[in-house]
Amino acid sequence: MITPRVERFAIVMSIVLVLIVLDMVRRRKLRERYSLIWLFAVAAMTMLVVWEKLLLSITSLIGATDPSSTLFLFGILFALAILLHLSNKVSDFSTQLRILAKEVAMLNVQLSEVRCARSRREEETRDEEPGLELDRNKATEEGRR
Amino acid sequence: MTSDSRILVVIPAYNEVSNVGRVVEEVRREAPYVDVLVVDDGSADATADASLRAGAIVVKLPFNLGMFEAVRTGFVYADRKGYDIAIQVDADGQHVPREIGALADPVIKEGFDIVVGSRYLESRGYRTPFFRKCGIRLFAWLTSQVLGQRITDTTCGFRSYGRRAIRMFARYDSAEFRDSVGLVILGRAGLRIKEIPVTVRERAGGRSTISTIKAFVYPFDFVLSLVAVLARKRLAIPGGEA
């Protein structure tokens, strides 16, 4: 059974957690979108603890004998949901990171190619003044490739 | 080799300073008609410098992405620069650059999209440790079943790819393109695959990149990826310019 003592403890814990989450949002350590998941989880848990009838009916619905196991179940479910969400995010990030890394590498190689072409062009214009137009065209064409 | 196809040899290299220079030089000597691209996969040593000195184009990844992503970076380069063929060669000197022509030929002359070098199609004295051989047999068998075509070696990194295959690799960003699962994806998309026998030397120096943990996880990873690929829709072959 949920004794008043347990209820008080749960409420205090919830308030502490809410304060921590809000403070993290305030200090920009947690994005609003992510804080919502946590706040929702805390709110749902608190509701289960305070609204005894709801807890008891869910307990009998899922066939548990002790209401506290229902609380544990929901706690674990929320934790799992959040973990799954984070795994999904990490997968997205690693794909994005991989693409970015490749693009950075490609940009670097293109940059050095452009630099090479330009220094070659400068050398050519310095070396041979006649036929200047022709050489320049050739070099820009190479730079483009 | 008679053709004016533009060929890019892609060499993925991770901390291969002791081998990569030699490999680049050998490729350029044996196949003077190709451009050589070394993809430095975030090496801590002087792999990039050694490759540049040996005359390769170098793409340097900012951190280690793994062998396969390094190869794919090379394909992105090949795609954007309009190469007709990309040939993957290992940086450790295990592959024989003289065979590059034989690997490119079926793409140029017979219209194949992927030519896979196989260590087991013909017995050429390459010895594989027992457990690894069992694994390779199993992967090869599974791949053959799915593709409806006999494949004997799915893990050999000596392969050539035509334009359509290059585009697939360069433009689909899926981590499941590795090794044999990559073959399955490409085969299902309708690309034509051919296997030819190749010689594989013993490593010249340094250590193989395959660790014990990876060797243990690999089969599970393979089967899971295979199931995931089969559960998805076939990919369309992208066309046109990059």
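In this predicted model, strand β4 (residues 85-88) of chain B pairs with β6(B) in the antiparallel sense, over four bridges. Elsewhere in chain B, β1(B) and β2(B) pair in the parallel sense. Chain A, by contrast in its make-up, has five helices and zero strands. The two chains touch, with 12 residues of chain B in contact with 10 residues of chain A.

**Antiparallel pairing around β6 of chain B**

- Within the pairing of β4(B) with β6(B), B:A86 stands opposite B:Y161.
- Strand β5 (residues 114-118) of chain B is also joined to β6(B), by three bridges, and these two strands run antiparallel.
- B:V116 has B:R159 of β6(B) as its bridge partner.
- The residues of strand β6 (residues 159-162) of chain B point two ways: B:R159 and B:Y161 go one way, B:S160 and B:G162 go the other way, and all are buried.
- B:R159 and B:Y161, which point one way from β6(B), are thus met again in the pairings, B:Y161 opposite B:A86 and B:R159 as the partner of B:V116.

**Parallel pairing around β2 of chain B**

- Strand β1 (residues 7-13) of chain B and β2(B) are parallel and share seven bridges.
- B:L37 of β2(B) stands opposite B:V10.
- β2(B) is joined to β3(B) as well, through four bridges, and these strands run parallel.
- Here the bridge partner of B:V39 is B:V59 in β3(B).
- Between β2(B) and β3(B) the chain passes through helix α2 (residues 47-53) of chain B, and this β-α-β crossover is right-handed.
- A right-handed β-α-β unit is also made by β1(B), helix α1 (residues 20-30) of chain B and β2(B).
- Strand β2 (residues 34-40) of chain B has six of its seven residues buried, so the strand is largely enclosed by the rest of the structure.

**The nonpolar core**

- The largest nonpolar core has 68 residues.
- The residues with the most contacts inside this core are B:V9, B:V10, B:I11, B:L37, B:V38, B:A86 and B:I87.
- Helix α3(B) gives the most to this core, with seven residues.
- In soluble globular proteins, nonpolar side chains tend to be buried together.
- Leaving aside neighbours within four places in sequence, B:L37 is in contact with B:L8, B:V9, B:V10, B:I11, B:A56, B:I57, B:V59, B:G74 and B:Y77.
- Among these contacts of B:L37 is B:V10, the residue that stands opposite B:L37 in the strand pairing.

**Where the chains touch**

- On the side of chain B that touches chain A, the elements giving two or more residues are β3 (57-60) and α3 (67-80) of chain B.
- α3(B) gives the most to this side, with four residues.
- By class, this side of chain B has eight nonpolar, one polar and three charged residues.
- α3(B) therefore appears in two lists, as the element that gives the most to the core and as the one that gives the most to the side touching chain A.**Chain A**

- Read along the sequence, chain A follows the pattern α-α-α-α-α.
- Of the 145 residues of chain A, 8% count as buried.
- Among contacts in chain A between residues at least 6 apart in sequence, 47% join residues at least 24 apart.
- A:L86 has its place in helix α4 (residues 67-127) of chain A.
- A:L86 has 12 C-beta neighbours inside 10 Å, and therefore counts as exposed.
- The C-alpha atoms of A:L86 and A:Y34 are separated by 9.6 Å, while the two residues are 52 residues apart along the chain.

**Two residues with positive phi**

- Most residues other than glycine have a negative phi.
- A:R28 has a phi near 60°, a positive value in a residue other than glycine.
- The place of A:R28 is in the loop between α1 (4-26) and α2 (32-50) of chain A.
- With 8 C-beta neighbours inside 10 Å, A:R28 counts as exposed.
- B:N15 is also a residue other than glycine with a positive phi, near 50°.
- B:N15 lies in the loop between β1 and α1 of chain B.
- B:N15 is buried, because 20 other C-beta atoms lie within 10 Å.

Conventions:
Residues are numbered from 1 along each chain as its sequence is written. Chains are lettered from A and ligands numbered from 1 in the order in which they are written. This is a predicted model: local features need pLDDT of at least 70, side-chain atom pairs count only at pLDDT 80 or more; totals for chains, interfaces and linings use all residues. Two residues are in contact if their C-beta atoms, placed from the backbone, lie within 7 Å. Ala, Val, Leu, Ile, Met, Phe, Trp, Tyr, Cys and Pro count as nonpolar, Asp, Glu, Lys and Arg as charged, and the others, Gly among them, as polar. A nonpolar core is a set of buried Ala, Val, Leu, Ile, Met, Phe, Trp, Tyr and Cys residues joined through C-beta atoms within 7 Å. Two strands pair if DSSP finds at least two bridges between them. A crossover is right-handed if, with the strands pointing away from the viewer, the path from the first strand over the helix to the second runs clockwise.
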